[in-house]
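Hi everyone, thanks for coming along. Please pull up the structure on your screens, and we'll walk through it together.

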Amino acid sequence: MIVAEAVGRALAARGVEAVFGVVGSGNFHVTNALIAAGARFVAARHEGGAATMADAYARMSGRAGVLSVHQGPGLTNALTGIAEAAKSRTPLVVLAGEATDRRSNFHIDQDALVAAVGAVAMRVTSGEEAWERAEEAYRVAVEERRTVLLSLPLDVQSQPCPTAPTADSGPAARSVSGFGSAASSAAGGDEGDLPLPAEVDALARLLAEASRPVFIAGRGARHARRELEALADRTGALLATSAVARGLFRGSPWDLDVSGGFATPLAAELITGADLVVGWGCALNMWTTRHGSLLPAAGQVVQVDLDPAAIGVHVPVDLGVTGDTAAVASALTGLVPAEAGYRSAAVESRIRAEGRWRAVPYEDQGDGGRIDPRTLTIGLDDLLPAERVVAVDSGNFMGYPSMFLDVPDENGFCFTQAFQSVGLGLATAIGAAVARPDRLPVAALGDGGALMGAAELETVVRLGLPMVVVVYDDEAYGAEVHHFGPHGHPLDTVTFPPADLAAIARGHGFAAVTVTREADLGGMAEWLKGPRDRPLLVHAKVTRDRGSWWLEEAFKGH
């Protein structure tokens, strides 16, 4: 056994089921070793797409993602996706060949490259340590929730490796606690996940004293729905999430949906009116708090997080509690008295009537040649099956699919937006689809992001994914248009002539429809009837006279 084979077999032994990438000479053998050991290889058309696919797969499966790329340009091509994963604390192992000879065209400082975007750099330097280093990379990714580069120098990959350790010698394959909802809090955590008793007692007192508590759950609480709902029922708290945890409380009559720039007017009113806001595995950043304006001026703010360094980074907090969100919530449930809290028949009635964006009245701006994005998305929501997984790219349009397309639970929404890069949406949907083949994947893109990621249209067709790709086409980088246009700046650099995106999709093997009015959605309705043997692209020409509501809110912070 050689090093490249040992690394692939070691990761497969830890339970790796899927690996994404683009194969070159430097990662050929390790990729084949993973395949031979039972992992599925998903070939992308660009390393940037592959990285985002692996990231989205990890988010939706609750397991570590694996990315395999060539040395040098293979790694640099993947860097934006790696940055997104690192910022999101996605458990991801990146396997990359490495040219250590400075005379090679492929030579770069790979450690410095990934360190610059927040990933952890590791390396295999000999056959004797290959298996151990692969297991350590996997352990750091899973247990520390980090994105890890494992560099495989070309001159080391072919070295012989001693007999592999026994299958139980490394970290067991498991879901990633506090990241994917597949993680089971019932199994318990290690002692490092448990909160300090004094912190729990202090939060119990605040909850007992609060008359209008609100819980905001983030990515670090996606595994803790049961525990958080039990505590909320006990304390009378209303429930909200950050964007990345959207759907976590779906079905609860006290679900306010998303807090922040995407919040409905009712959610913003009720969160602002709270006297205690508790963030659970949630950064409480400027997006989730609307630059702090949603936090109650006269109330108190608590942050619960597994990472003590995350507490108080974005907003001042009155109390920080370090520990796993499920463990903290469980510890509190028996300590606080039962209270009505924020809950009443009147509040429940308002949430039922006003708690979703589609219930908020609006004046349709469609003009016959372009469809209002709200009307478009409500129509999509009515047609698409409930069992869906929605992936959204970045841009002016993004609030419409994020808020007007409902999702069944936290596994129905994949939001790779920590780096706010345009162009990741299609690859996000592919990774989510591989993780959740039981659901219809829906990719929501702007025209800019669709054209950036167009290479992966072929990947969708090749994989046979029954995907719906919706392009919100305003023939511009809309965020820049609405940011700079009102100040009289020229917009020639951010506006474009019309492009026939439906024809581009058909060229890749998609079915496609163009939508300029609500009646045009009949083409999608026909596709949904079956057999869905080709993916569908919906080219929606949307109105563009003004920025979206969330963008107007975001610009207040600029």
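I'll take you through two helices, then the strands, then some ring pairs, and finish with the cores. Keep in mind throughout that this is a predicted model.

Let's start with helix H7, residues 130–143. H7 has 14 residues, and from its first C-alpha to its last it reaches 20 Å, close to the 20 Å expected at 1.5 Å a residue. Which residues of H7 are buried? They are Ala130, Trp131, Ala134, Glu135, Ala137, Tyr138, Val140, Ala141 and Val142. And what do those buried residues pack against? Find helix H1 (3–13), strand E4 (92–98), strand E5 (120–123) and strand E6 (147–153), and you have the partners. After H7 comes Arg145, with a positive phi near 50°.

Now hop over to helix H3, residues 47–61. With 15 residues at 1.5 Å each, H3 should span 21 Å, and its end C-alpha atoms are indeed 21 Å apart, so the two values agree. How many residues of H3 are buried? The count is 15 of the 15, so H3 is largely enclosed by the rest of the structure. H3 is followed by Gly62, which has a positive phi as well, near 75°.

On to the strands, beginning with E10, residues 276–280. Five of the five residues in E10 are buried, so to speak a mostly covered strand. Look at which way the residues point: Leu276, Val278 and Trp280 go one way, Val277 and Gly279 go the other way, and all are buried. E10 has a parallel partner in E7, joined by five bridges, and another parallel partner in strand E11 (residues 300–305), again through five bridges. Trp280 takes part in both pairings: it is the bridge partner of Ala217, and its own bridge partner in E11 is Val304.

Val304 brings us to Val321, since Val321 is in contact with Val304. You will find Val321 in strand E12, residues 319–322. Is Val321 buried or exposed? At 0% relative accessibility, Val321 counts as buried. Beyond its close sequence neighbours within four places, its contacts include Pro195, Leu203, Val302 and Ile311. The C-alpha atoms of Val321 and Val302 are separated by 7.7 Å, with the two residues 19 places apart along the chain.

There is also an open sheet of six strands to look at, with parallel pairing, in the order E14-E13-E15-E16-E18-E17. Strand E14 (413–414) and strand E17 (511–515) each have a single partner strand, so one side of each is left without a neighbour in the sheet. Inside that order, E16 (residues 468–473) and E18 (residues 536–541) run parallel and are joined by six bridges. Tyr472 stands opposite Ala540 in E18.

Time for the aromatic rings. How many aromatic pairs does a search of the whole structure find? It finds eight. One of them is Phe215 with Trp280, an edge-to-face pair at 5.4 Å centre to centre, with 65° between the planes. This pair links distant parts of the chain, 65 residues apart, with Phe215 in strand E7 and Trp280 in E10. Both Phe215 and Trp280 are buried.

Next come Trp357 and Phe404: their ring centres are 6.3 Å apart and their planes are at 35°, so this pair is tilted. Trp357 lies in the loop between helix H14 (345–354) and helix H15 (373–383), while Phe404 is in helix H16, so the pair ties together parts 47 residues apart in sequence. Trp357 counts as buried at 11% relative accessibility, and Phe404 counts as buried at 3%.

Ring pairs also link Phe262, Phe413 and Phe415 into a cluster. Over the face of Phe413 lies Arg246, at 5.7 Å from the ring centre.

Last stop, the cores. In soluble globular proteins, nonpolar side chains tend to be buried together. Here the largest nonpolar core has 52 residues, and Phe20, Leu67, Leu426, Met467 and Val469 touch the most other members. Helix H17 (residues 425–435) gives the most to this core, with eight residues. Val469 touches Leu426, Ala443, Leu445, Phe510, Leu536, Leu537 and Val538, leaving out residues up to four places away in sequence. A second, separate core has 42 residues, including Phe262 and Phe404.

Thanks for listening!

Key:
Residues numbered from 1 in each chain as written. Predicted model: local features only at pLDDT ≥ 70, side-chain atom pairs only at ≥ 80, totals over all residues. Heavy atoms only, no water. Helix = DSSP H or I, 4+ residues; strand = E, 2+ residues; numbered from the N terminus. Expected span 1.5 Å × (residues − 1). Buried < 20%, exposed > 50% of the residue type's maximum accessible area, 1.4 Å probe, protein only. Contact = heavy atoms within 4.5 Å. Pairing = 2+ DSSP bridges. Phe/Tyr/Trp six-rings, centres within 6.5 Å; stacked < 30°, edge-to-face > 60°. Lys NZ or Arg CZ within 6 Å of the ring centre and 35° of its normal. Core = buried A, V, L, I, M, F, W, Y, C linked by side-chain atoms within 4.5 Å.
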